[in-house]
Every structure is written in C-alpha cells, then in structure tokens.
Amino acid sequence: MAAGTEEAALGYEQARDELVEVVRRLEAGGTSLEESLALWERGEELAKVCRRRLEGARARLDASLAAERAAEAEVGGEE
C-alpha cells in the first residue's frame, strides 16, 4: 500500500494500536533479523501516520482558536 493510501486508510487510533503491537513484538524478541527489520520499518511507517494525524489535528485546533479570537476581537471592536 502506498504511503498516501496508508495514511488515508488508517485512523490515528488504529495506527497507534498497531504501533504498540509492533513495539511489543520487538521488545519481546525471538524474531529473526529479517522479521525484526520488517517490524521496525512498519513501526516507522505507523509513527509517521500518527505524527501526520496529530499535526493535522493541531492545525485544525489552531485554526479554530484563531477564528474564535478573530470573532471575539470583532465583537469587542464594535462596542
């Protein structure tokens, strides 16, 4: 699956939960080098998905707060 498709398909919680499972498996050990590398790469992809989702949420919150402040300033300026 391409990275852009992956990001669109996975929600934050889904990516986070899968990332937790990847970390658990890596910490438990007992995997071959190839499997460990594949898990590590998957973890990196999932971390990027989580980071982008969080950055998007932060941008939406910042935009909402800026709009609220602008509306308050507009109302305050009319008095």
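A contact here means heavy atoms within 4.5 Å. Keep that cut-off in hand and select Cys 50: leaving aside residues up to four places away in sequence, Cys 50 touches Tyr 12, Ala 15 and Arg 16. We'll come back to some of these.

**Step back to the whole chain.** This is a predicted model, so colour by pLDDT before going on. The mean over the chain is 91, and 87% of the residues reach 70 or more. Where does confidence drop lowest? In helix H1, residues 3-9, with a mean of 66, while H2 has the highest, at 97. Switch to cartoon and you'll find three helices and zero strands, in the order α-α-α from the N terminus. Of the contacts with a separation of 6 or more, 71% are between residues 24 or more positions apart.

**Select 12-28.** That's helix H2. Its 17 residues should span 24 Å at 1.5 Å a residue, and the end C-alpha atoms are indeed 24 Å apart, so the two agree. Just after H2 comes Gly 29, with a positive phi near 75°.

**Now the core.** Show side chains for Leu 10, Ala 15, Val 22, Leu 39, Leu 46, Val 49 and Cys 50: these seven make up the largest nonpolar core. H2 and helix H3 (33-77) are the elements that give two or more residues to this core. Which of them gives the largest share? H3, with four residues. Over the whole chain of 79 residues, 11% count as buried. Turn on a surface and about 6000 Å² is exposed, 54% of it supplied by carbon and sulfur atoms.

**Next, the charged pairs.** A search of the whole structure finds six salt bridges. Start with Arg 16, which you met beside Cys 50. The Arg 16 side chain meets that of Asp 17 in a salt bridge, 3.0 Å from N to O. Arg 16 is partly exposed at 33% relative accessible area, and Asp 17 is partly exposed too, at 44%.

Move to H3 and pick Arg 42 and Glu 45, three residues apart, about one turn of the helix. Their side chains form a salt bridge at 3.2 Å, N to O. Buried or exposed? Arg 42 counts as partly exposed, at 21% relative accessibility; the cut-off for buried is under 20%. Glu 45 is partly exposed at 41%.

Further along H3, select Arg 58 and Asp 62, four residues apart. Their closest N and O atoms are 3.5 Å apart in another salt bridge, and Asp 62 is partly exposed at 38%. Last stop: add Glu 18 to Arg 42 and Glu 45, and you have one network joined by salt bridges that share partners.

Methods: Residues numbered from 1 in each chain as written. Predicted model: local features only at pLDDT ≥ 70, side-chain atom pairs only at ≥ 80, totals over all residues. Heavy atoms only, no water. Expected span 1.5 Å × (residues − 1). Core = buried A, V, L, I, M, F, W, Y, C linked by side-chain atoms within 4.5 Å. Buried < 20%, exposed > 50% of the residue type's maximum accessible area, 1.4 Å probe, protein only. pLDDT = per-residue confidence, 0-100. Areas by Shrake-Rupley, 256 points an atom, 1.4 Å probe, with all protein chains shown as cover. Salt bridge = Lys/Arg side-chain N within 4 Å of Asp/Glu carboxyl O.
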